[in-house]
Amino acid sequence: MLPNEIYDKLKTEFGDAVIEFDDKQPTDPFILISADNLFDICHTLRDKDEFLFDYLMCLTWMDFAENVGVVYHLYSMVFKHKIVLKVIVPKSDPKVPSVEMIWRTADWHEREAYDLIGVQFEGHHNPIRILCPYDWEGHPLRKDYEAPEYYHGMKVSY
Amino acid sequence: MGLLDRLDDPYEGGGIILGKIEDILNWGRSKSDWYLHFGLACCAIEFMAMNASHFDFMRFGTIPRTSPRQADFIMVTGTVTFKMADRIKILYEQMAEPKYVISVGSCSNCGGPYWEHGYHVLKGVDRIIPVDVYIPGCPPRPEAFEEGMILLQKKISHQAIFNKRKRLESEV
């Protein structure tokens, strides 16, 4: 199934929750969806017989100045088709539903996204840092991040 | 270390070596260094080549140990992140005296490519533990490992065993 066909089917099923479709970019064509219905849409994409997206290839993130985005690359081992989902939430309240219950892959990916950009994944069973030390402050891959001066008495800058 | 050169037979019958006790101890100490290998990044991959048969690190008398209690020196090979720096310090403190440190590669010496934007990297392992030998390179060639090991052996053989800072007079 082509990405625009997937978009049309999702649009008829979920209406306004599916915001826009973009295949003009040099990247993979993507569907922008609202954060509130993310879990239901992902569940449909995995389990409905015409989609069967059984593989979450990658979960990553983007930093826009006031917003943060989460990107889901999905692939179907059955039909060999793929789609990219994007969710954009404000940086002041970055809450996105967790898809860890749908694809187990998302467990560590969501922990990484929380660690480095600070997105809160609601419903994740273990939302702790994965790369930085547990007592690290801030989310280092945010564009406005500033490294601390000292960590445990060790100077950070050169 | 010049010890066997003194086999000059001053008494009839021979077989007597006159020497200082520290020379004998240092001779054994410098030729049998067991190390705690701390492989953190690509330098550890180069160190695998060093350990394999072609370069044969064990001919220096080194044996890799997994416990700091049995190790004479610690080999820090790779990027020291802050998360790992705490652990390195704990393991270094667990080693028995006399203990030595070899720092391998640019990252471990000074932060390497992470010196400017590496919020997570300690800029040189010598900020937490005292380093005896620095091996430069990114990563170093096995020949550089060999020279570093020879330098450490030289350093050990010129130290008084009960006082690391006191330096014995060179015989040569």
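Select strands E1 and E3 (residues 73-77) of chain B: five bridges join them, and the two run parallel. Two strands count as paired if DSSP finds at least two bridges between them. Helices (H or I, at least four residues) and strands (E, at least two) are DSSP runs, numbered from the N terminus. This is a predicted model, in which local features need pLDDT of at least 70 and side-chain atom pairs count only at pLDDT 80 or more, while totals for chains, interfaces and linings use all residues. Residues are numbered from 1 along each chain as its sequence is written, chains are lettered from A and ligands numbered from 1 in the order in which they are written, and side-chain values use heavy atoms, with hydrogens and water left out.

**The sheet of chain B**

Stay on E1(B) and pick B:Leu36, which stands opposite B:Ile74 in E3(B). Now add strand E2 (residues 63-65) of chain B; three bridges join it to strand E1 (residues 34-39), and these two also run parallel. B:Leu36 serves again as the marker, for it stands opposite B:Arg65 in E2(B). To follow the chain from E1(B) to E2(B), select helix H2 (residues 42-51) of chain B, through which the chain crosses in a right-handed β-α-β crossover. Right-handed means that, with the strands pointing away from the viewer, the path from the first strand over the helix to the second runs clockwise.

**Two cis bonds in chain B**

Most residues other than glycine have a negative phi, and most peptide bonds are trans. Go to B:Glu97 and B:Pro98, which a cis peptide bond joins, with omega about -5°. B:Pro98 is in the loop between H3 and strand E4 (100-104) of chain B. Then select B:Cys138 and B:Pro139, where the peptide bond is cis with omega near -10°. B:Pro139 is in the loop between strand E5 (133-135) and helix H5 (142-157) of chain B.

**Where the chains meet**

Show both chains. Twelve residues of chain B are in contact (heavy atoms within 4.5 Å) with 17 residues of chain A. The area buried between the two chains is about 1,200 Å², and carbon and sulfur atoms give 67% of that. Buried area here is the accessible area (1.4 Å probe) that two parts lose on being put together, summed over both.

Select B:Phe82, B:Lys83 and B:Tyr119: in chain B these lose the most area to chain A, together 55% of what that side buries. Helix H3 (residues 82-94) of chain B gives the largest share of the side that touches chain A, four residues. By type, that side of chain B divides into eight nonpolar residues (Ala, Val, Leu, Ile, Met, Phe, Trp, Tyr, Cys and Pro), four charged (Asp, Glu, Lys and Arg) and no polar ones (the others, Gly among them).

How many salt bridges are there between chain B and chain A? The count is zero. A salt bridge is a side-chain nitrogen of Lys or Arg within 4 Å of a carboxyl oxygen of Asp or Glu.

**Chain A**

Switch to chain A, which has three helices and nine strands. Its C-alpha atoms fill a box of roughly 55 × 30 × 25 Å, taken along the principal axes.

The whole structure has twelve salt bridges over all chains. Select A:Lys9 and A:Glu50, which form a salt bridge with the closest N and O atoms 3.4 Å apart. A:Lys9 lies in helix H1 (residues 3-14) and A:Glu50 in the loop between helix H2 (38-47) and strand E3 (55-63) of chain A, so the pair ties together parts that are 41 residues apart in sequence.

End at A:Leu52, found in the loop between H2 and E3 of chain A. Phi of A:Leu52 is near 50°, a positive value in a residue other than glycine.
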